[in-house]
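Reader: Hello! I have this protein open on my screen and would like a close look at one part of it. Could you walk me through that part?

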Amino acid sequence: MSVEPWACPQDQTTSEQAQSIQPSQDQEQHLDKLCLDSFWSEVETIRQGSGDTDLDCTRRDSRQSEEGEQEEQWLADAGLSTLIQDDSEDVDNAVLLSTLTRTQVEAVKRRLDSYTLRKKDKPPPRDVREIFRTPIAQNLLPESKNSEELEKGIMASVTKTAMSVTPEHHRTAPKEEFLITDVAYCEQAVIFLKQAKLPQNNSQNSQRRKDDGTLPMVICPKCRLGVTRIHDLSPVDMKKVRQLALIDLTALCDLLELEVKRHKTAKRKIPDNSLFGVPLAALLEHDQKLKPNTTIPLFLERLLSFLEKRGIDSEGILRVPGSQSRIKLLQQNLEANFYSGHISWDEVSPNDAAALLKKFIRELPAPLLTAEYLNSFSAVREITELKQKLHMLNLLILLLPEPNRNTLKALLEFLSKVVSREKKNRMNLWAVATIMAPNLFLHKAVPSRLTEGAEKGQAEKAADVMRLLIRYQDLLWTIPNFLVSQVRKLNENSNRRYQFYDRRFKNLLRKIHTDNRERPEKSNSEACRTVKIQNGDLLNGTMEFQLNMNSRASDLLTQFQRQFLLSPENGKGKTRKNGSVVYPDCALYEVGGNIGEHCLDPDTHLQDLYNSNPGGEWVIRMKPNGGKGP
């Protein structure tokens, strides 16, 4: 195999001292070739493991949806299946539609039009597009005036942070990049494409630099309501987040002209194994009976722990192959004895364990990134603008099932640790991403075009997405502010839902306007306010907290500690051997009102929180998982 390594452009601002510790050009080119050779070695291993089937054209284990089935499934996943039901009420649809932006609504319309055309042999039970013209929908959907204000509001931010306005070969990588999450990602794309006049889906200018240093530091400015991470919301609200994320993702793909088809994995015969080839959800369900709080399979947890202790400093870890005979024996031993505990990890080679890690991932019956969204993850490599890549990855992470998302996060955290030990193991971000990409983006259950075209270019594109997942994982595991706001609005409208059936639309609209007038005005004064706090399961009682414009959740928790945990009569801490006392790790939750349950960021400004959800209750509880928290 003849693979030409490509040169990495050097940053002209790098100091001479920094350059002196860089490997020579020959060493760098040699490492490039090793990485690329390893990439195609991984691809070949996956091919062989698929029974010599062609990964690029196989349809045995995956099928595309029939005529209209994709649109119907999309509407169901987006919580809009009532749009194509004969007996649905207009108000059922208006509740969700009222939370959407105009660009998101247009994406829904396109799916409805496509569904109607594909089902032309069977007339739809109703003209599904009429819902957008009902009085209540027209009243609740965003007005054009709001769209203009939106454009003006974020135009400055887009202009400041638009990396791709300048051709890539005319610029060096910026030191910082700001990620805006207050505005829907699809709406940001509308403004960006309009202001920067970027070619849509221009893959020719995609990032081609491999060195970790060329990726900028991406900063997500905190709003006054703080950062919301994936595990901060209740399962009920997370379901709504996924529905809204799917709509925004679809609208974003439409704007970028990315044609992404979802696949369904056909039912497969599950092997009689206990570890390898077992569906992730089934494996986790079994392990949670042994360890209730576990979020990833116990085998994967133990394997990653071993690699962190014994293999993270091994030169070429993940790249250097292990012994095939030893790997086969180790796998058989683990299948038979892992749960009984009769495994001697001291005799395991780190390279064999790393090979088993990759084998475990690629032998899952369905891709870790799921059959539905694997092609969407792969399509990220065709996007030009870095921020739009991160937008799409952020939405895709939210759409993953919880077992897949938690397992992916554990894997990425381990890979990040490998990169952090680059000086010892000689595995930088590019090397790790290049080697791991085939194991995540190729799967026997889903056709892939990853291996088409120029070898070097395809390896580079796949590795580019992988390195973004590794480098920016902390940002990608957060819920954008605009989705949290849409969930709040959806809950508010759902709380009024009973009125939709008891009154005509005319009376309903009058009631909505009345409700808006009767809402308490947002307080911007610095006058103190007393708020009752219920102390959850830790203590049965309440406490008073003087609320002002500068109050944060951390201030409230500090007062709670002093008042209830540090007092002699309420000592709740555990005494260490050295005599120091450790107190329970608590968090402040927002419960009820326009949210189900929300674990608050310590930097949340409480006055703004009260204004955002005056009907919510604040509860102090112990953090889950023994105080580790989300």
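Which residue in strand 13 does A587 stand opposite?

Author: Happy to help! Please keep in mind that this is a predicted model. The residue opposite A587 is R621, in strand 13. That pair belongs to a wider picture, so let us start with strand 11 and its two neighbours.

Strand 11 covers residues 586–592, and strand 13 covers residues 617–622. The two run antiparallel and are joined by six bridges. Strand 11 also pairs with strand 12, residues 595–599, again in an antiparallel arrangement, this time through four bridges. Two of the pairings with strand 12 are easy to find on your screen: E590 has H598 as its bridge partner, and G592 has I595.

Now follow the chain from strand 11 into strand 12. Together these strands make a hairpin, with two residues between them. One residue in the turn is G593, and its phi is positive, at about 75 degrees.

How much of strand 11 is covered? Six of its seven residues are buried, and the strand is described as mostly covered. If you are tracing side chains here, a general point may help: along a regular strand they alternate between the two faces of the sheet.

For context, you may like to step back to the whole chain. The protein chain has 630 residues, of which 52% count as buried. Its secondary structure comprises 26 helices and 13 strands. Taking contacts between residues at least 6 apart in sequence, 78% of them join residues at least 24 apart.

Since helices are part of that picture too, here is one pair to compare on your screen. Helix 12 (residues 324–337) and helix 13 (residues 350–362) have axes that come within 10 Å and cross at roughly 65 degrees. The two helices are therefore roughly perpendicular to each other, and helix 12 passes helix 13 in a right-handed crossing. On the helix 12 side, the residues that meet helix 13 are R326, I327, L330, Q331 and L334; their counterparts in helix 13 are D352, A355, L356 and K359. Sorted by class, this contact has five nonpolar, one polar and three charged residues.

One last stop is L97, which lies in helix 4, residues 90–97. L97 is buried, with a relative accessible area of 0%. Its C-alpha atom is separated by 8.8 Å from that of L80, a residue 17 positions away along the chain.

To return to your question, A587 of strand 11 faces R621 across the pairing with strand 13.

Conventions:
Residues numbered from 1 in each chain as written. Predicted model: local features only at pLDDT ≥ 70, side-chain atom pairs only at ≥ 80, totals over all residues. Heavy atoms only, no water. Pairing = 2+ DSSP bridges. Axes fitted to C-alpha atoms, helices over the stretch in contact; angles between N-to-C directions. Parallel < 35°, antiparallel > 145°, perpendicular 65-115°, else oblique. Left-handed = near helix turned anticlockwise from the far one by under 90°. Contact = heavy atoms within 4.5 Å. Nonpolar A, V, L, I, M, F, W, Y, C, P; charged D, E, K, R; others polar. Buried < 20%, exposed > 50% of the residue type's maximum accessible area, 1.4 Å probe, protein only.
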